[in-house]
Amino acid sequence: MDSPGKQVSEGDDEHMMLLEQLAGGDSGNDAVEAPASLTAPSTEAEMEDGVEEDEAVEEIEEFGQSEFGSDPEMIKDFLVNGDDLMENLDEQILKLEESPNDIEIINEIFRSAHTLKGAAGMFGYRAIERIMHRMENYFDQIAKGKQQVTGDATDVILQAMDILRVLIDAVRQGKPSGEKTAPIVRVLNQLCAGKLKAGAVKKKVSGAKSEDKAPEKAGAEAVKKTAQSTTIRVDLQRLDALVNLVGELVIDRTRFSNIEEQLRTGSSVALVAGNMSETVQLFGRHMNEVQDIIMKVRMVPIGNAFNKFNRVVRDLSKSLEKEIDLIIEGEQTELDKTIVEQIGDPLIHLVRNAVDHGIEMPEVRTSAGKSARGTIVLSARQEGNQIMINIEDDGKGMDQEVIRQKGIERGLISEDDQLSERDVFNLIFEPGFSTAAAVTNISGRGVGMDVVKKEISKLKGVIEIQSKLGAGSTITIQLPLTLAIVQSLLVRANEDIFAIPLSSVIESLRIQPDEIQMVGDAEVIKRRDRVLPLLYLSDALDLGKKNDHVWYRYEKESKKSDRRKEMGSERLFVVVVGTADRSFGLVVDSLLNQQEMVIKSMGDIMGDINCVAGGAILGNGEVVLVLDIGELEQQFRIRSRVAAV
Amino acid sequence: MKGILEFDTDQYDADDSGIFAIRGSLDGENQEEYTEKVQCIGLKIREELFYLPISIVVEIVMLMPITYVPQSGRSIEGVMNLRGTILPVVNLRKLMGVEKGGATPSTRIIIAKSHNYVVGFLVDAITYVVSLHPSDFEQNSMTGRGQGSEFIGGIAKDGEQIIGVLDTLKIIQSVAASDIDIAQEKQA
């Protein structure tokens with residue numbers, strides 16, 4: 001096996017061989033024989049799969065020598081570009097499968113593949129270069145009309161993409177992955193030779209990937225791995241606008257120094273005051289614009305997170321033998337970069353669920369009078385300060401009764417609990433809850449939905465399920481546009497000031513104490529014919545302990561708060577918080593004002609304080625605590641449960 | 001007698017120990033080699049004097065508004081804003097088990113930094129900076145003598161007076177909400 005093997009390992013000879021074969025059609029016997037004789041070592045490689053860094057004859061070193069390879073800046077550039085190119089390739093390859101004759105797509109793929117190959121070659125990443133080279137050959141043949149795009153061929157290409165991702169990741173880690181590239185190269189060779197046999201794909205390539213890494217998993221992993229980058233691409237227009245604004249700010253600064261000079265030289269108060277208010281206003285406007293743009297700089301289209309799902313759905317539906325269309329809408333919706341990066345994992349889980357549990361098998365669908373092809377719609381849109389992400393499937397939906405029974409079985413609810421539809425579906429988010437009768441390798445292990453919910457709440461988002469048996473389910477995720485700046489309502493309770501994120505405030509009321517009614521031990525008020533339970537903020541946070549706790553008090557000059565306390569003593573302020581149909585009233589001493597603030601972490605030493613999302617700094621330099629309404633609501637529910645017992 | 005010196009340089013980021021210019025030790029003998037010396041800042045908890053190695057002190061500020069954090073650790077007075085950074089403030093009286101006291105004109109907050117954890121210490125007064133010779137130190141011999149003794153990393157002798165040297169790391173570890181694995185972070 002010495003001569004053909006060596007030829008294959010040396011990229012360019014092999015390329016020549018291919019060219020020869022292209023010229024001579026199928027008569028080029030050498031070329032046809034070469035891959036065939038190589039299938040024997042392939043099984044050998046499979047047997048030794050557990051051994052990393054196997055020095056088979058066909059394997060080449062991942063990292064060769066290169067003068068660029070030692071420059072971390074250059075490598076960073078390579079990685080950023082590489083990620084982009086890979087993403088583009090993935091997208092285009094899937095598109096090509098749908099419309100195989102679109103020359104534009106083929107050219108696009110060809111360009112991306114060529115660029116990546118060139119870059120990899122320059123850095124001496126030979127394994128990447130070798131695979132990319134074979135892929136390029138294949139697409140070259142397609143472009144020339146010598147081959148047709150088939151599902152199996154696309155499978156091979158996608159497998160190659162997965163391996164490329166592993167290799168690129170190895171570059172990121174700075175050490176070879178030990179991934180075997182020879183088997184996939186062999187399969188690619190066969191593909192180029194037009195000798196790929198149907199059905200042979202999976203078996204051949206499995207030498208490169210161990211069995212438990214089924215294609216769907218690899219796709220998901222790929223999405224996960226690309227989700228952490230530290231650089232961001234900014235639209236030049238936005239940057240220019242920012243530069244302009246900085247210019248304006250510099251002018252504002254000189255205006256302020258003018259005013260300072262006027263003050264020192266004793267200009268008339270009226271004049272200075274007039275100048276001052278004008279300048280402050282102007283400065284305020286510019287500052288707002290700067291803030292706006294900076295926030296926009298952090299925004300990226302959510303499409304970055306969405307487009308990967310084409311691949312996930314394709315692989316999954318293939319392995320489950322379901323027919324599914326994925327429709328993506330609103331990929332241009334912009335969202336804070338950190339959110340886009342972190343939303344990927346929970347979304348994958350939800351999409352997998354939709355494919356695995358939601359959409360039925362084609363025969364089931366047709367017998368239920370639906371079209372054999374299922375549809376999953378993944379959409380995003382902006383609503384005010386929120387982004388709504390929907391995952392909608394037209395599958396079998398969820399059976400409320402089954403979920404209820406499971407809930408009773410798990411002791412989450414009792415037999416005679418009256419639950420609303422919403423409450424029932426919310427049970428799914430409880431830890432360890434799964435309705436899947438059989439555990440599949442994709443989903444149904446009962447870990448997941450609670451993690452999904454946790455991840456979403458970490459992003460200050462809300463998740464909800466609507467489902468109709470037989471008609472499908474819709475999962476709605478509501479996310480804030482950005483995590484950095486939050487509009488908040490400042491309230492005072494027990495002489496301390498707290499901030500409530502405005503996104504969870506529904507309204508605020510002023511009530512008389514006699515409007516409070518008792519239901520059991522719980523205090524409630526009636527609001528528009530609905531009962532609104534009340535929670536005293538000072539009770540929830542145990543603010544009464546403050547006097548014991550705080551020894552050193554900073555004396556403030558004004559005694560205004562006392563006066564206000566007396567004034568407001570006969571009235572109560574209630575901030576209605578929560579979501580529209582699950583709200584409660586937070587009783588506070590007074591409402592102050594509404595303000596934009598930057599939530600800051602209080603550091604590792606403080607850790608997670610219950611019901612507190614973080615701290616923010618007020619205009620006077622004092623720290624206020626920003627409340628975590630979600631945690632308050634949980635605490636509230638625990639309290640009311642205790643009260644009910 | 002290297003004990004306390006080792007404790008000082010190994011456990012703290014001894015990066016900027018030269019902030020204060022020291023002109024000799026307190027009793028006027030000024031012809032010694034300063035390089036061997038350990039500088040400490042004197043602070044008072046109630047009336048008792050303690051030393052804190054100066055290498056971990058970032059700055060000392062007047063008492064400023066401290067925001068009470070409900071359900072936080074017992075010895076944490078609250079959080080304060082130091083030029084845009086929110087950091088916890090530790091009530092040393094409470095930590096050492098000294099009776100309750102309030103703010104006085106001499107109350108100060110010492111901002112200390114150890115292993116990238118920044119924390120404020122509420123103290124009742126600041127005295128002076130001392131420059132101590134390694135032979136003035138003795139390793140801790142006070143283990144298990146009442147509340148707060150675990151936070152004293154060593155003892156310094158100043159003439160006849162014996163003064164406890166506070167161990168910032170131990171204080172931070174004890175007030176932290178969750179276990180901070182400092183050893184691991186040092187490696188990283």
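Start in chain A of this predicted model by selecting residues 485-493, strand β8, together with β9 (residues 496-501): six bridges join the two, and they run antiparallel. For a landmark, pick A:Ala493, whose bridge partner in β9(A) is A:Asp496.

Now widen the selection to the whole sheet. It is open, has five strands in the order β16-β8-β9-β18-β17 of chain A, and its pairing is mixed. Color β16 (590-598) and β17 of chain A separately, since these are the edge strands, each pairing on one side only. Look along the sheet and you'll see neighbouring strands turned against each other by 35 degrees on average, ignoring direction.

Next stop: β18(A), residues 623-627. How many of its residues are buried? Five of the five, so to speak a mostly covered strand. Show the side chains and check both faces: A:Val623, A:Leu625 and A:Leu627 lie on one side, A:Val624 and A:Val626 on the other, and all are buried.

Keep A:Leu625 highlighted and look at what stands across from it. In β9(A), A:Phe498 is opposite A:Leu625; the strands β9(A) and β18(A) run parallel and are joined by two bridges. In β17(A) (residues 612-617), the pairing with β18(A) is antiparallel over five bridges, and A:Gly615 has A:Leu625 as its bridge partner. Follow the chain from β17(A) to β18(A) and you trace a hairpin with five residues between the strands. Stop at A:Gly621 in that turn, where phi is positive, about 95 degrees.

Leave the sheet and select residues 182-192 of chain A, helix α8. Why call this helix largely enclosed by the rest of the structure? Because eleven of its eleven residues are buried. The buried set isn't just aliphatic side chains: A:Arg186, A:Asn189 and A:Gln190 are among them, alongside residues including A:Ile184, A:Val185 and A:Leu188. Just past the helix, click on A:Gly194, which has a positive phi near 75 degrees.

Another buried residue to inspect is A:Lys117, in helix α5 (residues 103-123) of chain A. Its relative accessible area is 16%, so it falls under the 20% cut-off for buried. Which side chains does A:Lys117 contact? Draw the distance to the side chain of A:His133 and you get a polar contact of 3.4 Å; the side chain of A:Glu136 makes another with A:Lys117, at 3.3 Å.

For helix packing, select α11 (residues 236-264) and α12 (residues 269-297) of chain A. Their axes come within 9 Å and cross at roughly 160 degrees, which makes α11(A) roughly antiparallel to α12(A). The crossing is left-handed. Color the contact by residue type and it divides into 17 nonpolar, four polar and seven charged residues.

Finally, switch to chain B. Here five strands form an open sheet in the order β3-β6-β7-β5-β4, again with mixed pairing. Highlight β3 (57-62) and β4 (76-82) of chain B: each stands at an edge with a single partner strand, so one side of each has no neighbour in the sheet. From one strand to the next, the twist averages 30 degrees. To finish, zoom in on β3(B) and β6(B) (residues 108-114), an antiparallel pair with five bridges. Which residue of β6(B) stands opposite B:Val57? Select B:Ala112.

Conventions: Residues are numbered from 1 along each chain as its sequence is written. Chains are lettered from A and ligands numbered from 1 in the order in which they are written. This is a predicted model: local features need pLDDT of at least 70, side-chain atom pairs count only at pLDDT 80 or more; totals for chains, interfaces and linings use all residues. Side-chain values use heavy atoms; hydrogens and water are left out. Two strands pair if DSSP finds at least two bridges between them. Helices (H or I, at least four residues) and strands (E, at least two) are DSSP runs, numbered from the N terminus. Axes are lines fitted to C-alpha atoms, for helices over the stretch in contact, and angles run from 0 to 180 degrees between N-to-C directions. Angles under 35 degrees count as roughly parallel, over 145 as roughly antiparallel, 65 to 115 as roughly perpendicular and the rest as oblique. A crossing is left-handed if the near helix is turned anticlockwise from the far one by less than a right angle, and right-handed if clockwise. Ala, Val, Leu, Ile, Met, Phe, Trp, Tyr, Cys and Pro count as nonpolar, Asp, Glu, Lys and Arg as charged, and the others, Gly among them, as polar. Buried means under 20% relative accessible area, exposed over 50%, partly exposed in between (1.4 Å probe, protein chains only). A polar contact is a pair of N or O atoms within 3.5 Å; within protein, one must be able to donate a hydrogen and the other to accept it, and residues adjacent in sequence count only if both atoms are side-chain atoms.
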